[in-house]
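I opened the notebook today to look up a few helices, the surroundings of the ligand and the nonpolar core, and I wrote down each thing as I found it.

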Amino acid sequence: MATVEAAAATSAASPVSGGAAEACGLPDFSSATYKDAYSRINAIVIEGEQEAHDNYIAIGTLIPEQADELTKLARMELKHMKGFTACANNLGVVADMPFAKSFFAPLHDNFQKALAEGKVTTCLLIQAILIEAFAISAYHIYIPVADPFARKITEGVVKDEYTHLNYGQEWLKANLDNVREELEQANRDNLPLVRKMLEQVAGDAAVLQMDKEDLMADFLSSYQEALIEIGFTGREIARMAAAALVG
Ligand code: PL3
Ligand code: FE2
Ligand code: FE2
């Protein structure tokens, strides 16, 4: 890991072409294999940022007194989407959006169902906790192996994602007495979907030199920290994490 980071730091200092980048352990960003994997991964990220925007706006309709704050979060998501679109353009990659839509469909459907039922807690767990923790882990693991242009953009984005995770955390913490049961059920319904998404993306992520176990470990650590902050005990969190193995 230390060598990968060192390599990343070197290439940040002096942007290099594909061949030289490879010499310091980074992938060949111009290879057909890299671009093919990137067309799906990048599309997932673009779709994820777009859906995050739509989800925050939608949550604002359920908590009208928070609508202004949620609109601010939504705007940040559009900025992220534009940043990642620029990353694909920079590498000459066309994002595979139909693939990304189907990738998000199960989680998207669960969010829409919760929204229609007015379930704020479930909506926040899906968007502000699960999706944000997924994004944070993916961006963390991507940064050291990204091309210099994408690295800069991703570093800016990941800071914002913490703000979003924090928003969900604080709301759920303040309402824990009333939301505990719904939160546990939403976890049971949606954590297995996130696990499947991580598994589904692992092959393409590996081409980008992102390790599946690193992704899972980073996700679980963000998720666990959020649940601690919300007010769950270690034992309750272990039970909730077990849902990923059952589903
Ligand atoms: C919420 O703000 C955004 C949700 C985005 C979901 C991200 C999914 C990440 C999948 C793996 C991506 C690796 C990063 C590559 C960046 C081009
Ligand atoms: Fe985002
Ligand atoms: Fe976000």
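Helix H6. I began with H6, in what is a predicted model, and found that its 23 residues reach 31 Å from the first C-alpha to the last, close to the 33 Å expected at 1.5 Å a residue. Following the axis, I noted a bend of about 30 degrees at Glu132. I then looked up burial and found H6 mostly covered, with 21 of its 23 residues buried.

The core. Which residues have the most contacts inside the largest nonpolar core? I found Ile126, Leu130 and Ala133 in that role, in a core of 67 residues. The elements that each supply at least two residues to this core are H3, H4, helix H5 (97–116), H6, H7, H8 and helix H9 (212–230), and the largest share, 16 residues, comes from H6. As background I wrote down that nonpolar side chains tend to be buried together in soluble globular proteins. Going back to Ala133, and leaving aside residues up to four places away in sequence, I listed its contacts as Leu165, Phe219, Ser222, Tyr223 and Ala226.

Ligand 1. I counted 23 residues around ligand 1, the closest being Gly48, Ala52, Ala135, Ala138 and Tyr142. Two or more residues of this shell come from each of H3, helix H4 (67–91), helix H6 (120–142), helix H7 (148–174) and helix H8 (176–207). Sorted by character, the shell around ligand 1 holds 15 nonpolar, four polar and four charged residues.

Helix H3. I checked the length of H3, residues 32–62, against expectation: at 1.5 Å a residue its 31 residues should span 45 Å, and the end C-alpha atoms are 45 Å apart, so the two agree. I also noted a kink of about 25 degrees in H3, centred on Tyr38.

Two acidic residues. Are Asp36 and Glu225 buried, exposed or partly exposed? Asp36, which sits in helix H3, has 13 C-beta neighbours inside 10 Å and therefore counts as partly exposed, because a residue is exposed at 12 or fewer and buried at 20 or more. Glu225, placed in helix H9, has 14 such neighbours inside 10 Å, so I entered it as partly exposed too. For contacts across the sequence, I noted that Asp36 and Val93 are 57 residues apart along the chain but 7.9 Å apart in space, C-alpha to C-alpha. For Glu225 and Gln169, 56 residues apart along the chain, the C-alpha separation is 9.7 Å.

Terms used: Residues are numbered from 1 along each chain as its sequence is written. Chains are lettered from A and ligands numbered from 1 in the order in which they are written. This is a predicted model: local features need pLDDT of at least 70, side-chain atom pairs count only at pLDDT 80 or more; totals for chains, interfaces and linings use all residues. Helices (H or I, at least four residues) and strands (E, at least two) are DSSP runs, numbered from the N terminus. The expected span of a helix is 1.5 Å times one less than its number of residues. The bend at a residue is the angle between axes fitted to the seven residues ending there and the seven starting there. A residue is near a molecule or strand if its C-beta atom, placed from the backbone, lies within 6 Å of it. Ala, Val, Leu, Ile, Met, Phe, Trp, Tyr, Cys and Pro count as nonpolar, Asp, Glu, Lys and Arg as charged, and the others, Gly among them, as polar. A nonpolar core is a set of buried Ala, Val, Leu, Ile, Met, Phe, Trp, Tyr and Cys residues joined through C-beta atoms within 7 Å. Two residues are in contact if their C-beta atoms, placed from the backbone, lie within 7 Å.
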